[in-house]
Structures are given as structure tokens and as C-alpha cells.
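Trainee: I would like a close look at one part of this model, namely the last helix and the residues it meets, and I would like that part placed in the context of the chain as a whole. Could you take me through it with care?

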Amino acid sequence: MMDSILPHLLAFLLYGLGAIAVGRRCHRQPEEGSRCPRPLDRVLLTAAILAHGWGAATLLLSDQGLRLGFAPALSLTVWLAALFFWIESFYAPIGWLYILLTPIAALVCLLVPWLPLPATPVAADNPWLRLHLVVALLSYALFTLAALHAVLMSVLERALHRRDPVAWLGRMPPLLVMESLLFRVIGVAFVLLTITVLTGVVFSETLFGQPLRSDHKTVFTLLAWAIFGILLLGRRTWGWRGRVALRWTWAGFITLVLAYLGTHFVLEYLLQRR
């Protein structure tokens, strides 16, 4: 746990410096916000992502196995958000997302090392279980990012329909750009969720002697996989977009919350069972 403090604090500093630099420049020149980050911004963001990734990996991995819980999941989710932004910033004018993302990432990096972790790591001796859990955590983190992105798109869409005068909403990337980013995130997450299901079948067969268990996590995970699969099929075949796509995204995410994330949050923080 202590090993993850230094990289998270370093990431906090780098994210914060990037946010201050871009925020001050955009305050002086608001039109700068819609552009891609400048070279110095990219350097700060790249360094922050490297430090944050180091901290997230240190928090998740240990010699005794995987430390699973709310804190590693939160850190990993924000790290993936920063990584996706960094990639997308080379192809789309999403500069104002930098200002929105970096303060959130900085705050998370400051808080995460101090959150409690489950007392006992898991999957120390089973490589299939480790693979299954790591891929599942990556998939859940990306779907969480997709859901938050969908909320931001919904706020932006409603503001535009109402002709809301809030300045920062008007400087966000175009909805089509944000929608394309949303589906790229969902596509990668869906691939990881498919791998999660397949490795889960192997793990269940090895440990329990049956390929699929009829517990609530399995049922809700398969249901979420079907929902996101239908969403991607609808996008490709029928051109689903806008509110239809957002509703399917929220439905799939809520199903995943019921399958895993919500259960662990309740057990760890409300019932104090670790």
C-alpha cells in the first residue's frame, strides 16, 4: 500500500500542473479550449499517465495476489480515462476535456492511496483466475468511463437543445466527436468483457467442474454482455446514436454494477466485510 503513495502523489502533481497551465491559457484565450493540447501539455499528461499507471499497478498487484476493491478500481478507471484522452487528442479537437479530466484525475490520485483495501489478496496461485480478474477489472473500468462519458454527453445535448448560455458547455467537443469516442471505448470494453466471460468459463470449469455457475454475478454479467453486444450491433446495422445509444449504455452499465461493482462497494464500505 505504501509503495503506491509516491507514484500517485507524483501523478497528482503532474495532473495539477497540466490543469493549471491549460486553465490559465484558456482563461486568457477561450478559443484555445477547443484545440488539441500543446506539446508541453502532452508532456505533462504523458508523465502523469506513466506515474498514475505505476501507482495503479502497485495498488492492484502484490506478491500475495491481486488486491481487488473500490480503491484499485477507481484508480484504474481514471487512469484509463486519461489514457484514452491522450490517444484521442492526436485525432480530434478535444482540448476542453483536458481541463475537465485533469482536476478529477489529480483529486483521485490524491485520495486513492489512503482508501482502505481488502485485507486478503486473491488469486495468488491460479493464473486463469488472475487473468480473469484483471481483464474483468479493465472491462468494468472502461464501461464505467463510458457511462460517465454518456452522462456528460446527455448534459451537453440538453444544454444545446435549451440553448444554455453556460460557456464551458459551448466549448466542449462536438457531439459527433464525443459519440465516436464513446463507441470506441464501448468497443474495447466489450472485447475485454468477452474475454472475461471466456476466461470465466475456463476458471469455473477448472475450479467448480462446470462451465457456468448460475449465481447472480454470472447472470448479470452475461446480461450486460448481451446489452452491449446489441448496442454495438444496432450502431453498426441501424445507425443507433443519440439518446438511444445513451440509454443502452446506461442500461448495460447498471447491469454491470448489479453484477460486481455495487456488490463490492456495499461489502467493503457499508458492511465492512473485506
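**The last helix and its surroundings**

Mentor: The protein chain has 9 helices and 2 strands, and its elements run, from the N terminus on, α-α-β-β-α-α-α-α-α-α-α. This is a predicted model, in which the mean pLDDT of the protein chain is 78 and 75% of the residues reach 70 or more. Of the 274 residues in the protein chain, 48% count as buried, while the accessible surface comes to about 13900 Å², with 70% of that surface belonging to carbon and sulfur atoms. When contacts between residues at least 6 apart in sequence are taken, 80% of them join residues at least 24 apart, and the pairings around helix H9 described below can be read with that figure in mind.

Helix H9 comprises residues 242-270. The UniProt entry, which is unreviewed, annotates residues 245-267 as a transmembrane region, and it gives the same label to several other spans, including 135-160, 181-204 and 216-233. Two further spans with that label in the record are 43-62 and 68-87. In the model, residues 43-62 are 90% helix and 10% strand, with their end C-alpha atoms 30 Å apart, whereas residues 68-87 are 90% helix and 0% strand, with their end C-alpha atoms 27 Å apart.

Let us begin with Arg 243, which is found in helix H9. Leaving aside neighbours within four places in sequence, Arg 243 is in contact with Glu 157 and His 161. The C-alpha atoms of Arg 243 and Glu 157 are separated by 9.2 Å, although these two residues are 86 places apart along the chain. Arg 243 has a relative accessible area of 39%, and because this falls between the limits of 20% and 50%, the residue counts as partly exposed.

Continue now to Ser 154, which belongs to helix H5, residues 127-162. Beyond its neighbours within four places in sequence, Ser 154 is in contact with Leu 246 and Trp 250, and both of these positions fall within the range 242-270 of helix H9. The relative accessible area of Ser 154 is 11%, and since this is under 20%, Ser 154 is classed as buried.

Farther along helix H9 we come to Leu 258, whose relative accessible area of 45% makes it partly exposed. The C-alpha atoms of Leu 258 and Thr 221 lie 8.7 Å apart, with their positions 37 residues apart along the chain taken as a separation. Leu 258 is also one of the residues touched by Phe 220, together with Thr 255 and Ala 259, once residues up to four places away in sequence are not counted. Phe 220 itself lies in helix H8, residues 216-238, and at 26% relative accessibility it counts as partly exposed. The C-alpha atoms of Phe 220 and Leu 256, 36 residues apart along the chain, are separated by 6.5 Å.

The aromatic residues deserve a separate word. The structure holds 4 aromatic pairs, and Trp 238, Trp 240 and Trp 248 form one aromatic cluster. As for charge and ring, the charged end of Arg 235 sits over the ring of Phe 183, at 4.2 Å from the centre of that ring.

For a view of another helix, consider Val 185 in helix H7, residues 175-208. Val 185 has a relative accessible area of 4%, which is under 20%, and it is therefore counted as buried. Not counting neighbours within four places in sequence, Val 185 is in contact with Phe 84, Leu 142, Leu 145 and Ala 146. The C-alpha atoms of Val 185 and Phe 84 are 8.0 Å apart, while the two residues are separated by 101 places along the chain.

A caution applies to the end of our helix. Over residues 266-271 the pLDDT stays under 50, and for these residues the model has 14 contacts beyond four places in sequence. Where pLDDT is low, the predicted coordinates should not be read in detail.

Key. Residues are numbered from 1 along each chain as its sequence is written. This is a predicted model: local features need pLDDT of at least 70, side-chain atom pairs count only at pLDDT 80 or more; totals for chains, interfaces and linings use all residues. Side-chain values use heavy atoms; hydrogens and water are left out. pLDDT is the predictor's confidence in each residue, from 0 to 100. Contact means heavy atoms within 4.5 Å. Rings of Phe, Tyr and Trp (its six-membered ring) pair if their centres lie within 6.5 Å; planes under 30 degrees apart count as stacked, over 60 as edge-to-face and the rest as tilted. A charge sits over a ring if NZ of Lys or CZ of Arg is within 6 Å of the ring centre and within 35 degrees of the ring normal. UniProt positions are given in the numbering used here, feature names are shortened, and annotations may be inferred rather than shown by experiment. Helices (H or I, at least four residues) and strands (E, at least two) are DSSP runs, numbered from the N terminus. Buried means under 20% relative accessible area, exposed over 50%, partly exposed in between (1.4 Å probe, protein chains only). Accessible areas come from the Shrake-Rupley method with a 1.4 Å probe; for residues, only the protein chains shown count as cover.
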